[in-house]
Amino acid sequence: MATKRNDSRLYPVPEERVLKVYAFDPSRGRRFENYLSIHVPYESGLQPGPIGEKVAVIDYDATNRRYYLPVDLDDPAILARGGLDPSESNPQFHQQMVYAVVMETVKRFEYSLGRQVKWAPCPYPKDTPARGRLRIFPHGMQMANAFYDPSQRSLFFGYFASSPDPTISPVSQPVFTCLSHDIIVHETTHAIIDGIRRRYKEHSSPDSAAFHEGFADIMALLQHFSFKETLLDTIQRTGGLIHRSQLTPYAKAEGGTPLVRAEATESNPIVELAREFGYAMGNRKALREAIGTPANPEDMERVTEPHARGALFVAAVFDAFFSVYIHRTRDLFRIAYPDGRTVVPNYLHADLANRLADEATKTAARIQNICIRALDYCPPVDIQFGDFLRALVTADREVSPSDGAGYRAALIDSFRARGIHPEGVSSYSEESLSWPKFSGKGPEAENPSFLRIWDDLHELESHPDTERQGRLFVNLWSKSTRFGKKIGLSPEYRTYVQSANMLHRVQPDGSLQRQVVVEVIQTQQDVPIFPDEPARGTFDFRGGATLLISRQGEVRYSIVKPMDGHKGEGQKRLERQRDYFQTMASSSALAPYVAFDPKTHLSYCAIHRGY
Amino acid sequence: MPEKKNEIRIRMYRVGFGDCFLLSLGAAEKQHILVDFGVHQSGKIGTLDRVMSQIEQDTGKRLALIVASHAHADHVSGFADYADRFTQFDIGEVWLPWTENLEDDDAKALRKQQLALCEALQMHLAVSGPKAYANYAAAMATLMNLSDDAPAMVALREGFGDRDRVKYLTAGEPPRRLAGIPGLSIDVLAPSRESKFLGRMTPPAEQRFLTARGSSTTMPDLFERQWVSETGLLGARQKSALHELAAVPADLLAFTLDNVMNNTSLVLLFHYHQKTLLFPGDAQWGNWQSWITQDDAKDILAEVDFLKVAHHGSHNATPRDVVSWLPKNKFAVMVPTQEEPFDSIPRMPLLRSLETQSGRALVRSDSIVVPKAPKGPKLAKLPKGFKRGELWFDCTIKV
C-alpha cells in the first residue's frame, strides 16, 4: 500500500529552509567564512523559479534574449544538501542565492516593523506572471549595474566582463551582481522602502536622493555582523577593533614582504561594500566603505552628489554603531587583560572572541531595529537626514525611554559631528529632537471614522481590493477639513491617503501597543522649474503628514511637511526644491540636447549612469 | 597722420557651426592671438578656405599665440586642414588644456576612456541604426565631433614644427604673459586638476563595459548550454518591456561624453591694460562650477568687458548666475553659433537674457549671410563698437 510521502500528521511543516549563499561575493574565494547557510522562512508551495508568496525569481536574460532553467528548491536532491553549493557557473545557484538573500532581508524588516512587508503598487497589466510579487531578474541584462525598477516592480541584476587588470586578474572574467550579498540586500532595501514610503523615490533635495542610497547601504553593511564566522575572523585579526580597515595577516612575513597569501594584509570585509564589483570596475577598492574620512561638520554643506552624501549618512550611523560596540565591550577587555597589556591580534582567547562577536551582532541588530522602526516616524515626502534623526529619536524613545546602553546618545552625537542638523530644532537634546506630540483628537462629529480605521484596516488586510481601500480613505478624510488644518494640512489641496499600516510595539512594561500609521499627501502639480520659462520642465510639489493614530482614534503624532503653513514654511520648501531642480536641470549632461525631465532624469538608473 | 590709439579688436569669423576668434592688440604694430579654428562635420558651410586666407592676411602670418580650448573638431579642425600653412607662420606659443598632455598620466587615462567609449558608442549606434534611438542623428554628430579631432590634436601637440612652443595649462597657475605684448596678462580659470572636478571630465564608469551586438565584448555564452531554455513565463509584451530596459541608452551616453569633453575646456581671462575678456571655450556646468564657486568669481565677472559665449549658446553652458553677475550694459558679447545641426542650439532664452544684460551689445556669427548656409537673425543695426565684414564681425574695445 502506498503511503503519502508528505503526511503532515507525521512531519510538521518546517519553519525554515536552509540555503547556501556567499557571505560576500565570489571574490573572497572558497574560504569557509565566505560560504554561509542562511535560514529563510519555509514556503510550502514554492514553485520552480523560485516563485513564492512574496517574491518571484524569473531568470530571463534580456540582452541574450533567453531563459535559464528555474531551480526547484523542493527537489529532494537539493533539499537533502541544504541548498545548492556556491558556484559561479551554475545559474540555478544564482537563483537560489538571490531568493535566499532577498527573503532574509524581508524577514529582517518584518521583524523590526512588526508587520508583513508590502510592495508598492505596480501598474503592470493583469496578465503579468507573478503579479503581486517582487520580481527578481538575476541575470536581467549585460550591464555593470543592478537596480530596482518601480515601474516593473522588479529587481534587475546585471552581469558584465570585468576590466582586465594585471594586478588583480590577468583575464577579463564575468562578474555577476546577483552573487554579491551586499548588492542584493541594497536593492531589496530600495524595494522595501518604496513599499513603506512610496514618494521617497521622487527626489526633491540632495538629502532625499541620498536617503534611499544611504539607507540601503546601511542595511547591507549591518547584515555583515550576523555572519558569525567572518565576524570571528575579523575580531581575531583586528584584536577586537572591528572597525579597522585592514586585517593583520595570519602569519608575519619574513623580511616584511609577504610571499604567501596568508602573510598578506587584507582589507576588512565587514566594513566594505560590494568588493568584487568595485575591483571589476577597475577602482582597486570596494564600491563603498562604512567609514571613509573623519567627521567634519561642514560636510553636509559641501557634498551634494547623492552617493557621496549617502556615504555621510552611512558614516554617521556606523560611527554610532562602533562607538556603542567599543563602549559595551570595554569591560570584557578589562576582564581579559586586567594588567592593561596591549591586545595582540590573532591571539585573543576564543571565549573572548565569542563574547565580542555576540556583542557586535547584538549591537548591529539593535541599530538595524532603530533605523528600520524610524521609517514609520518619517514624513511622507521630502525626507531630510535631520528628519530621519528626529524620527529615530522619537521612535526609539517610545520603546526604550531610558536609553540605558547609549544608542540614541551615540547616534545623536555622530549625526551632529557630521553637520546633520534638523531644521527648526534648537538643540540636540532628546526632547527637542523628538517630534512634538500631538494633543487632542478631532471632534467626532467631523471625523467619526477615525475610530473605525482600525476595523477598516483589518478588513482591508484580509481582503485587499481597491474599492475597500478607496472607502477607507474616504471614511478617514472626506469630512475632516478643519481637523486637517489642525494637524498641519492645507485646505487648498486635495488630501490623498497614500498608505495605512498597522504598527505593533512591545512597550517597556511588556504590554503590546498597537497603532496605525497613515500617510496623507497633498500635491501642487506642474510647478515650473524656471518660473519665467515653464517650457523648461515642471515638477510636482508635494506636502503631507505622517499620522500615528492610537487604538482610540487619537492622533498621537502628526509629522508634517506643510504646503503652506505659518512662517511660510511651505513656500520655503517649494523654493528649496525649485533651487534643487534648477541645479539638476543645469548640471545635467544631457541639457544641451534633451529637455530636462525630473521624473526620468533623476531615477535610480539615471543616477547610476551618471547623466 | 593722427596717432593710433591702443585697442583690442576681437574678430569672430563665420565658419559654420564652430569657433574661430582672432584677437589683435596694440596701437600701430598689432600682435595677434588665435583662439580656436574649427567647424563641426555636420555644420560646415564651406567658408573655411576663405577664413584661412583671411587669417593669413589679417596677421601677416604672425601669431603671438594659438589657443585650442578643447579637443572637439568644431574648435580645432582647421588646425589639421591647414597644418602646412600654419607651419609657415611665425608662432610664439601654442596653448592646450592639461587634459591633452600625453605625458600626464591623469590626462592619458581620461583620453583613453573617452576614446574607448566614443568608439564603442559609434559602433553600437551604427549597428543599431537610426530607428533605434530618438536622438540618433544628434548623438552621431556629437561623437563624430570627438573622433574627428585626432589629426588636429597631433598638429597642435607638435606645435606646428616646434614642440617647445606648446604649453599645457592648468587652473590656478600664476598669470601668464606673452613676450612682445606688454600690458597683457592671462589668468587660467579652468580646467581644474582637483579630484572633485575630474569626475566631471570622466565618462560614466559603467559604460566602459558597453557592448554592441556582435562585438567581442558581448557575452552570449554566459552559462553552459544545458541551463539555457527558450521558453519561460513571460509574454511578448513583457519581454519587449525588458528589452527596452536592457537597451543601452547610446544616444544619451553620447551626450554625456560630449559634456565631459566640453568640461575639459581651457577658460582664459585676458587682462589687457584695464580691459578684461573672458573666453570660456565650451565650458559646461561642471567646468564653470570649478571656479565660479570661489570667492572672487563675482568680482571677476563684474569686471568683464567682453564675453565669448560658451558651447554655441547651448542650454547649460552659461550659468544663470554668471549672466546676472556680468556688469549690466557694460560688456559686449559674441556668439559663435548656427541653427544646424542641433535643434536645441542656440538656446534663445539664454541669448535674450545676455542681450538684455549687455544692453543689446550682442552679435551672432550666423548673422553674417553666406549663400546656402543656415541663416541667423538679421541684424538691423550693429551695436556700438561692432563692425561687419564679409565673413566676420569685429568688436573693438579702446584701452
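# Exercises on a predicted two-chain model

The contact between the two chains draws 55 residues from chain B and 62 residues from chain A. The structure is a predicted model, with an ipTM of 0.83 and a pTM of 0.86.

## Exercise 1. The interface as a surface

Task: State how much area chain B and chain A bury between them, and what share of it is on carbon and sulfur atoms.

Solution. Step one is the choice of quantity: the size of an interface is often given as the accessible area lost when the parts come together. Step two is the value, which for chain B and chain A is about 5,100 Å². Step three is the make-up of that area: carbon and sulfur atoms carry 60% of it.

## Exercise 2. Specific links across the interface

Task: Find how many salt bridges and how many residue pairs in polar contact join chain B and chain A, then describe the side of chain B that touches chain A by element and by class.

Solution. Begin with the charged pairs. The count between the two chains is 1 salt bridge. Arg320(B) and Asp532(A) form a salt bridge, with 3.5 Å between the closest N and O atoms; this falls within the 4 Å cut-off.

Next come the polar contacts, where 6 residue pairs across the interface meet the rule, both residues being at pLDDT 80 or more. On the side of chain B that touches chain A, the elements giving two or more residues are β8 (228–229), α8 (236–246) and α9 (250–262) of chain B. The largest share, 8 residues, is that of α8(B). Sorted by class, this side of chain B holds 24 nonpolar, 20 polar and 11 charged residues.

Last, look at backbone pairing between the chains. Strand β5 (residues 66–68) of chain A pairs with β8(B) in the antiparallel sense over 2 bridges. Within β8(B), Val228(B) is the bridge partner of Tyr68(A).

## Exercise 3. Strand order in chain A

Task: Work out which strands of chain A pair with β15(A), and in what sense.

Solution. Take β14 (residues 496–506) of chain A: it pairs with β15 (residues 512–528) of chain A in the antiparallel sense over 10 bridges. Leu503(A) has Gln515(A) in β15(A) as its bridge partner. Then take β16 (residues 538–550) of chain A, which is joined to β15(A) by 12 bridges, again antiparallel. Here Val517(A) has Leu548(A) in β16(A) as its bridge partner. β15(A) thus pairs with both β14(A) and β16(A).

## Exercise 4. A link between distant parts of the sequence

Task: Explain why the salt bridge of Arg197(A) and Glu519(A) ties together parts that are apart in sequence.

Solution. The whole structure has 52 salt bridges over all chains. One of them joins the side chains of Arg197(A) and Glu519(A), at 3.6 Å from N to O. Arg197(A) is in the loop between α3 (181–196) and α4 (206–223) of chain A, whereas Glu519(A) is in strand β15 of chain A, so the pair ties together parts 322 residues apart in sequence.

## Exercise 5. Backbone geometry and confidence

Task: Locate the cis peptide bonds at Pro191(B) and Pro346(B), and find which residues of chain B have pLDDT under 50.

Solution. The bond joining Ala190(B) and Pro191(B) is cis, with omega about 5 degrees. Pro191(B) sits in the loop between β7 (184–190) and α7 (195–198) of chain B. The bond from Ile345(B) to Pro346(B) is cis as well, with omega near -5 degrees, and Pro346(B) is in the loop between β12 (332–335) and α13 (348–358) of chain B.

For confidence, chain B averages a pLDDT of 90, and 95% of its residues score at least 70. Residues 212–216 of chain B stay under 50. Where pLDDT is low, the predicted coordinates should not be read in detail.

Definitions and conventions. Residues are numbered from 1 along each chain as its sequence is written. Chains are lettered from A and ligands numbered from 1 in the order in which they are written. Side-chain values use heavy atoms; hydrogens and water are left out. Contact means heavy atoms within 4.5 Å. Buried area is the accessible area (1.4 Å probe) that two parts lose on being put together, summed over both. A polar contact is a pair of N or O atoms within 3.5 Å; within protein, one must be able to donate a hydrogen and the other to accept it, and residues adjacent in sequence count only if both atoms are side-chain atoms. Helices (H or I, at least four residues) and strands (E, at least two) are DSSP runs, numbered from the N terminus. Ala, Val, Leu, Ile, Met, Phe, Trp, Tyr, Cys and Pro count as nonpolar, Asp, Glu, Lys and Arg as charged, and the others, Gly among them, as polar. Two strands pair if DSSP finds at least two bridges between them. pLDDT is the predictor's confidence in each residue, from 0 to 100.
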